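Here are my notes after going through the model. Have it open alongside as you read.

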Amino acid sequence: MKKDNVVQTKSYDFAIKIVNIYKYLCEEKNEYILSKQLLKSGTSIGANIEEAIGGQSRKDFYAKLTISYKEARETKYWLRLLRDTNYLDEERSKPLIEAIDELLRIIGSIQKTIRNSNS
């Protein structure tokens with residue numbers, strides 16, 4: 001993995017955090033349904049970024065990036081829901097929500113740059 005690709009690195013690091021929080025939710029909270037949704041969307045962000053990087057065209061890159069953005073939005077939803085239903089306390093949820101907000105800003109900025117360059 002290239003060290004200078006911020007979105008690639010941050011999405012991978014975030015996926016690791018999501019896997020770990022999924023294990024916590026299953027093992028400590030016996031929560032399997034919402035946590036599975038979080039696992040799927042939270043790890044899909046980085047997977048779609050990887051696909052975007054390997055895209056065959058600018059259009060393909062943008063399409064995969066858009067999917068990644070949507071998965072990040074979904075992940076934020078599940079994190080908020082798990083927090084607001086007391087499966088995740090503030091100490092565990094706050095850094096994850098901050099991290100997903102940062103990813104949303106980065107991905108959104110890349111999308112905006114691409115849109116503006118096509119004008």
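1. Let's start with the salt bridges. The count comes to five. Keep in mind throughout that this is a predicted model. I go through some of the pairs below, beginning with one that involves two helices.

2. The pair to look at is K64 with E51, whose closest N and O atoms sit 3.0 Å apart. K64 belongs to helix α3 and E51 to helix α2, so this salt bridge ties together parts that are 13 residues apart in sequence. As for its surroundings, E51 has a relative accessibility of 41%, which makes it partly exposed, since that class runs between the 20% and 50% cut-offs.

3. Next, R83 and D84. Their side chains meet in a salt bridge, with 2.8 Å from N to O. How accessible is R83? Its relative accessible area is 25%, so R83 falls in the partly exposed class.

4. R92 and D89 also form a salt bridge through their side chains, here with an N to O distance of 3.4 Å. On the accessibility side, R92 comes out at 33% and is partly exposed. D89 is partly exposed as well, at 37% relative accessible area.

5. Now back to helix α2, which covers residues 33-53. Does its length add up, or is something off? With 21 residues at 1.5 Å a residue, α2 should span 30 Å, and the C-alpha atoms at its ends are 31 Å apart, so the two values agree. That said, please don't picture a straight rod: α2 has a kink of about 30°, centred on S44.

6. S44 also turns up in the list of buried residues of α2. Others in that list include L34, L38, L39, I45, I49 and A52, along with G42, G46 and N48. Which helices do the buried residues of α2 pack against? The partners are α1 (6-29), α3 (58-84) and α4 (90-117). So for α3 there are two links to α2 worth viewing together: the packing by buried residues and the K64 to E51 salt bridge.

7. One last residue, I67, which is found in helix α3. Is the I67 side of things buried or exposed? Neither label fits: at 34% relative accessibility I67 counts as partly exposed. For a sense of distance, take I67 and Y32, which are 35 residues apart in sequence and 24 Å apart in space, C-alpha to C-alpha.

Terms used:
Residues numbered from 1 in each chain as written. Predicted model: local features only at pLDDT ≥ 70, side-chain atom pairs only at ≥ 80, totals over all residues. Heavy atoms only, no water. Helix = DSSP H or I, 4+ residues; strand = E, 2+ residues; numbered from the N terminus. Expected span 1.5 Å × (residues − 1). Bend = angle between axes of the 7 residues up to and from the residue. Buried < 20%, exposed > 50% of the residue type's maximum accessible area, 1.4 Å probe, protein only. Contact = heavy atoms within 4.5 Å. Salt bridge = Lys/Arg side-chain N within 4 Å of Asp/Glu carboxyl O.
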